[in-house]
Each structure stands twice: as structure tokens, then as C-alpha cells.
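Me: I am new to this structure and would like a close look at one part of it. Please set that part in its surroundings before going into detail.

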Amino acid sequence: MIAIILWAYLFCIPLSEPGQVFGWVKWLLHKEIRPDKSEGREMLFNALIGCPKCHAGQIALWYQVWQATHGRGFDIPFILVCIGGAYALSTWHQIVEKHLNK
């Protein structure tokens, strides 16, 4: 769970900023998907890299699908905690950025 939360936060926010290691991925996906064209495109972009909670939710969901296909069950609270954790980290990031840029 913690790995998914940290990955979603780090991948979608600090590591995908311009000049960072995954900045090119965000730029390329934005260019190819063009999320401002439709709501469906925006949802796809958010799930891939635009939103930590959306990204965490997708990873956690598909991990649980994989777990279920291997006889280990499907755990909804796992998905919810991953989404909540990514949301908490991204909110914390916004608060810190706002405080530092006063």
C-alpha cells in the first residue's frame, strides 16, 4: 500500500515536473492525449500521470484484480487507503508549496 501511495505522489507531482526524470513523460502524454479537448481525455490523462489519487486508484485497482485472479481475493479498503494516502500527500504538497511561496 505504502509503495503505491508513494509512487503515485512522486510520479505525478515532483518527478514529473519540467526538468525532472519523468518530466518528458508528462509532456508527451499531455501532447498526445490533449486532456483539454474532452472530459474522457482528461480522465485518461489523470489516471496515467495528471492526478496522484487517480493514478494510485488505478494501480491499486489493477493490483487487486491481479490478486483476485490468483485466488487472493479483492480488497476494496486497500484501494481506498491508496487513494486517500495519495490525496493526503498531494494536499500536503500543495500546503507546503503555498507556504514556501509566500
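**A close look at the pairing of H2 and H3**

Reply: Of the 102 residues of this protein, 30% count as buried, and it should be said at the outset that the model is a predicted one. The protein has five helices and zero strands, so that, read from the N terminus, its elements follow the order α-α-α-α-α. Taken along the principal axes, the box filled by the C-alpha atoms is roughly 50 × 30 × 25 Å. Among the contacts between residues at least 6 apart in sequence, 48% join residues that are at least 24 apart.

Within this setting, the part to look at is the pairing of helix H2, which covers residues 23–33, with helix H3, which covers residues 39–50. The two helices pack at an angle of about 165°, and their axes lie 10 Å apart. Because angles over 145 degrees count as roughly antiparallel, H2 and H3 are described as roughly antiparallel to each other. The crossing in which H2 passes H3 is right-handed.

The residues that meet can be named on both sides: H2 contributes Val 25, Lys 26, Leu 29, His 30, Glu 32 and Ile 33, while H3 contributes Arg 41, Leu 44, Phe 45, Leu 48 and Ile 49. Sorted by class, this contact of H2 with H3 holds seven nonpolar residues, one polar residue and three charged residues. A general point helps in reading such lists: an α-helix has 3.6 residues a turn, so residues three or four places apart point the same way.

The pair can also be followed outwards to helix H1, which spans residues 2–12 and whose buried residues are Ile 4, Ile 5, Ala 8, Tyr 9, Phe 11 and Cys 12. These buried residues of H1 pack against H2 and H3, and also against H4 and helix H5 (76–100).

Helix H4, formed by residues 52–69, contains Gln 64, a residue that can be examined in the same manner. Gln 64 has a relative accessibility of 4% and therefore counts as buried. Its side chain reaches the backbone nitrogen of Asp 75 at 2.8 Å. When neighbours within four places in sequence are left aside, the residues in contact with Gln 64 are Gly 73, Phe 74, Asp 75, Phe 78 and Ile 79.

Key: Residues numbered from 1 in each chain as written. Predicted model: local features only at pLDDT ≥ 70, side-chain atom pairs only at ≥ 80, totals over all residues. Heavy atoms only, no water. Helix = DSSP H or I, 4+ residues; strand = E, 2+ residues; numbered from the N terminus. Buried < 20%, exposed > 50% of the residue type's maximum accessible area, 1.4 Å probe, protein only. Polar contact = N/O pair within 3.5 Å; in protein donor to acceptor, adjacent residues only side chain to side chain. Contact = heavy atoms within 4.5 Å. Axes fitted to C-alpha atoms, helices over the stretch in contact; angles between N-to-C directions. Parallel < 35°, antiparallel > 145°, perpendicular 65-115°, else oblique. Left-handed = near helix turned anticlockwise from the far one by under 90°. Nonpolar A, V, L, I, M, F, W, Y, C, P; charged D, E, K, R; others polar.
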